[in-house]
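Biologist: Could you take me closely through the open sheet in this structure, and then carry on from there to the other parts that can be described with the same care? I would like one connected account rather than a list.

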Amino acid sequence: MSENKNYTAKIGVVCLGRYTYDVAAALEIYKKTQEDLKTIEGVDWTIIEESVIEKPDAENAVKVLKAADVDAVAIISGTFHLGHLALIIDRGLKVPVLLWAFNELPYNGGKIRLNSVCGMNLNASNLYKSGNRTFSYTVSDTIDRDWVKAVKMTASLKRSHVGIVGYRADGFFNLDIDELSSFRQTGVLLDHYELSDLFSAKIEDEKVSEREKELRKMFDCSGVTDYQVNKVANLCETCEDFLSRNSLDAIAVRCWPEHAATYGVAPCAMMSVLQSSGRIIACEGDVEGAESMLVSAAAGCEAPFLADLSQVNFEDDFSLMWHCGVAPHSLWDGCSDCTLDTYFAGGKGVTAGFVMKSGICTFMRIDSAGGKTRVFLSKGEAFPMEKQLSGTYAKVKFDCGVKKLLDSAVTNGIAHHLVMCYGDYEKSFEIFAHIMGWEVIKP
């Protein structure tokens, strides 16, 4: 994946204590913890290195963390402590909070040494009753890595610049969003561009020629014309230029019906190629799909993309997760024929064609309806299959069963695009939704 500054989070860490407990032992654990934290990639840490004991200590910690503009804070109960401390930090920062308790140490002379869990419980009750309902908690000597991923997801949204190119696809009313409501909740800045803005740039012939060579190495191009390969190559370079020139982290493209008629080919194959290198491109003008892909990438998913729950088989309990040829080329199973094809839009619908690789997958979508934002979430596994049709697809068995998944998606009015991520990100997505204050819908 290409490096993206938006997938880096700034996280503050404080360790609370009280002298009636073994503060020295807690500080020793904390020092080791600090070294462990520094090994985690994609995080800029601001660590208050000494224990926070009194109220002025907490106020000073807030000043340091505020100056660092942290995206979240981990509040460690090194020992039991004053209830004021976490409240002062929460009030001063107003960012996502992880309440973190250390494992209890062996007793020393019959006395509990840390009482860390009780301190964390005190903080949780205080925060909850003061109105903070989005904190998370953990009991461990190491940080909750899923919480870290979730913070990276929230940070990626609030720093992102997304473009909608054209509009949503014709008739796809369910992909429309309330732009300012989305901005208020996520911080995502959305700008509109015309389709002509995307493909009108003049690209050097040398760059297009190099991209053509790449395409012919990636795909069997015997089913399309030289003209079509050239147009796909040109569009790849044009889209890269467009994203960079406008400082866009993602785009949602109205890929039909005008694109093929105006430009000469549909953008499906271009999406397959660029998404393999970390670009976030949502088809059919699906802005929430683009946002879902952004947070998936921030969580560590290497090639998130939008798939349709296209075909269900209740008897054998699987679904075909298909789309018209936009899946990242990097997800090819390495066995099926990997082709460029044209099978729609009057011969102008140039798409990728292959079976996707096998493996554990997580499916998610940020989806709004009736003034509420939800996160639809499920997990499954892609299995090997023969190449039997055009487009990019995988045979998936869901942990919950395909009937239950379909019931949940349909009865909750979830949009027909789900982000497909190879790997298990279920817990990270759940924490992310909790931090955002959004409902989680799990079949």
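Modeller: The sheet in this predicted model is an open one of 5 strands, in the order E2-E1-E3-E4-E5, and its pairing is parallel. Strand E2 (43-47) and strand E5 (136-139) stand at its edges, and each has a single partner strand, so one side of each is left without a neighbour in the sheet. From one strand to the next, the twist averages 20 degrees. At the E5 edge, strand E4 (residues 97-101) runs parallel to E5 and is joined to it by 4 bridges, and Ala 101 is the residue that stands opposite Val 139 in E5.

Helices pack on this sheet. Helix H2 (residues 55-67) touches strand E1 (9-16), E2 and strand E3 (72-77), and the direction of H2 makes about 170 degrees with that of E1. Helix H4 (residues 116-129), for its part, lies across E1, E3, E4 and E5, and runs at about 155 degrees to E4.

A further strand worth following is E17 (residues 417-422), which is mostly covered, with 6 of its 6 residues buried. The covering applies to both faces of E17, since His 417, Val 419 and Cys 421 on one side are buried, as are Leu 418, Met 420 and Tyr 422 on the other. Strand E10 (residues 305-313) pairs with E17 in the antiparallel sense over 4 bridges, and within that pairing Asp 308 has His 417 as its bridge partner in E17. Strand E14 (residues 359-369) also runs antiparallel to E17 and is joined to it by 4 bridges, with Val 419 of E17 as the bridge partner of Met 364.

Among the helices, H6 (residues 179-186) can be read face by face. The buried residues of H6 are Ser 181, Ser 182 and Thr 186; seen down the axis of H6, these buried residues fall within an arc of 110 degrees, so they line one face of the helix. On the face of H6 turned away from that buried side are the exposed residues Leu 180 and Arg 184. The packing partners of the buried residues of H6 are helix H5 (145-158), helix H12 (287-299) and helix H14 (426-436). The two ends of H6 can be described as well: at its start, a side-chain oxygen of Asp 178 reaches to within 3.3 Å of the backbone nitrogen of Leu 180, while after its end comes Gly 187, whose phi is positive, near 85 degrees.

The cysteines deserve a separate word, as the structure holds 0 disulfides. Cys 15 is in no disulfide, and the nearest cysteine sulfur, that of Cys 118, is 16 Å away; Cys 15 counts as buried because its relative accessibility is 1%. Cys 324 calls for a more careful reading, because its sulfur is 3.8 Å from the closest cysteine sulfur, in Cys 268, and this is too far for a bond, given that a disulfide requires the two sulfur atoms to be within 2.5 Å. Cys 324 is likewise buried, with a relative accessible area of 15%, which falls under the 20% limit for that term.

Conventions. Residues numbered from 1 in each chain as written. Predicted model: local features only at pLDDT ≥ 70, side-chain atom pairs only at ≥ 80, totals over all residues. Heavy atoms only, no water. Buried < 20%, exposed > 50% of the residue type's maximum accessible area, 1.4 Å probe, protein only. Arc of directions from axis to C-beta. Contact = heavy atoms within 4.5 Å. Polar contact = N/O pair within 3.5 Å; in protein donor to acceptor, adjacent residues only side chain to side chain. Pairing = 2+ DSSP bridges. Axes fitted to C-alpha atoms, helices over the stretch in contact; angles between N-to-C directions.
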